[in-house]
Amino acid sequence: MISKILLVSQLSEESRDLQHTLNRNKLYSVERVDDVRSAVHKMKSGIVHMVMFNNELFNKQKLVSANFVRKEAYEVPIMMLAKAISPDALEYAKSLTKLVVLEKPYEVKDLYGITSKLTAGANVSQRIHRRFYTKQVAKIETLGGAMTHDATMLNLSKGGAYLELKNKIDLRG
């Protein structure tokens with residue numbers, strides 16, 4: 001089944017690129033509108049599986065827009081893309097269901113992954129820190145330096161690093 005995504009964004013090179021990127025995946029059909037009122041009108045005239053807002057700034061006012069869409073049309077998963085994110089608004093967004101904020105610039109695989117989960121009706125946990133993909137070789141040393149383990153650091157963020165070990169470690173002692 002093809003999921004219909006409604007992109008709320010002013011016409012720009014960035015919005016055209018975003019629409020093109022999503023339309024490359026044959027699972028999505030993306031239509032763009034300029035504003036929230038146009039989004040509500042489109043939603044009332046047909047089924048939309050997800051609404052995506054493309055903004056420069058994510059703040060509490062943008063949450064008002066998301067809530068307006070849901071109140072005036074129907075409950076729909078929402079993704080907010082933004083370059084600058086207000087910490088207060090992000091904290092409040094974590095309490096809302098099926099609303100995810102993705103910081104720009106983002107990896108296309110993250111965009112596809114979150115879009116796929118939201119359109120399938122899955123709950124997606126809000127990321128607090130932006131991830132930087134590294135795929136670097138790493139070594140983990142146990143306390144006391146008794147052993148080292150080969151690993152790969154797949155990504156890094158302010159919140160920590162995601163590492164995959166090459167071999168299993170027996171933690172039983």
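The legends below describe close-up views of a predicted model.

**Figure 1. Overall content of the protein chain.** The predicted chain holds five helices and 10 strands. Its C-alpha trace spans about 65 × 35 × 30 Å along the principal axes. Of the 173 residues, 36% count as buried. Taking contacts between residues at least 6 apart in sequence, 60% join residues at least 24 apart.

**Figure 2. The parallel sheet of five strands.** The strands of this open sheet follow the order E2-E1-E3-E5-E7, and their pairing is parallel. Strand E2 (28–33) and strand E7 (99–103) form the edges, each pairing on one side only. From one strand to the next, the twist averages 20 degrees. Within the sheet order, E3 is followed by E5. Strand E3 (residues 50–54) and strand E5 (residues 78–82) are joined in the parallel sense over four bridges. At this pairing, Val-51 stands opposite Ile-78 in E5.

**Figure 3. Helices H2 and H5 against the parallel sheet.** Five strands in the order E2-E1-E3-E5-E7 make up the sheet shown here, and its twist averages 20 degrees from one strand to the next. Helix H2 packs on this sheet and touches strand E1 (3–8), E2 and E3. The direction of H2 makes about 160 degrees with that of E1. Helix H5 (residues 108–119) lies across E1, E2, E3, E5 and E7. The direction of H5 runs at about 160 degrees to E5.

**Figure 4. The contact of helix H2 with helix H3.** The axes of H2 (residues 36–44) and H3 come within 10 Å and cross at roughly 25 degrees. Angles under 35 degrees count as roughly parallel, and H2 and H3 are therefore roughly parallel to each other. H2 passes H3 in a right-handed crossing. On the H2 side the contact is made by Val-36, Arg-37, Val-40, Met-43 and Lys-44. On the H3 side the contributing residues are Ser-65, Phe-68, Val-69 and Glu-72. By residue class, the contact of H2 with H3 divides into five nonpolar, one polar and three charged.

**Figure 5. The surroundings of Ser-65.** Ser-65 is found in helix H3 (residues 60–72). Its relative accessible area is 16%. The limit for a buried residue is under 20%, so Ser-65 is buried. Leaving aside residues up to four places away in sequence, Ser-65 touches Val-36 and Phe-53. Both Ser-65 and Val-36 take part in the contact between H2 and H3.

**Figure 6. The cis peptide bond before Pro-105.** Most peptide bonds are trans. The bond from Lys-104 to Pro-105 is cis, with omega near -5 degrees. Pro-105 is placed in the loop between E7 and H5. Of the two elements that flank this loop, E7 is an edge strand of the parallel sheet, and H5 lies across strands that include E7.

**Figure 7. Lys-98 and its positive phi.** Most residues other than glycine have a negative phi. Lys-98 is not a glycine, yet its phi is positive, at about 50 degrees. The residue lies in the loop between helix H4 (87–93) and E7. Its relative accessibility is 31%. Values from 20% to 50% fall between buried and exposed, so Lys-98 counts as partly exposed.

**Figure 8. Lys-135 and its positive phi.** Lys-135 lies in strand E8 (residues 132–141). Its phi is near 50 degrees, a positive value in a residue other than glycine. Relative accessibility is 67% for Lys-135. Because exposed means over 50%, Lys-135 counts as exposed.

**Figure 9. The antiparallel sheet of three strands.** This open sheet has the order E8-E9-E10, and its pairing is antiparallel. E8 and strand E10 (160–165) are the edge strands, each pairing on one side only. The twist averages 35 degrees from one strand to the next. E8 and strand E9 (residues 148–157) run antiparallel and are joined by eight bridges. Across this pairing, Tyr-133 stands opposite Asn-155 in E9. Strand E8 also holds Lys-135.

Key
Residues are numbered from 1 along each chain as its sequence is written. This is a predicted model: local features need pLDDT of at least 70, side-chain atom pairs count only at pLDDT 80 or more; totals for chains, interfaces and linings use all residues. Side-chain values use heavy atoms; hydrogens and water are left out. Buried means under 20% relative accessible area, exposed over 50%, partly exposed in between (1.4 Å probe, protein chains only). Contact means heavy atoms within 4.5 Å. Axes are lines fitted to C-alpha atoms, for helices over the stretch in contact, and angles run from 0 to 180 degrees between N-to-C directions. Angles under 35 degrees count as roughly parallel, over 145 as roughly antiparallel, 65 to 115 as roughly perpendicular and the rest as oblique. A crossing is left-handed if the near helix is turned anticlockwise from the far one by less than a right angle, and right-handed if clockwise. Ala, Val, Leu, Ile, Met, Phe, Trp, Tyr, Cys and Pro count as nonpolar, Asp, Glu, Lys and Arg as charged, and the others, Gly among them, as polar. Two strands pair if DSSP finds at least two bridges between them.
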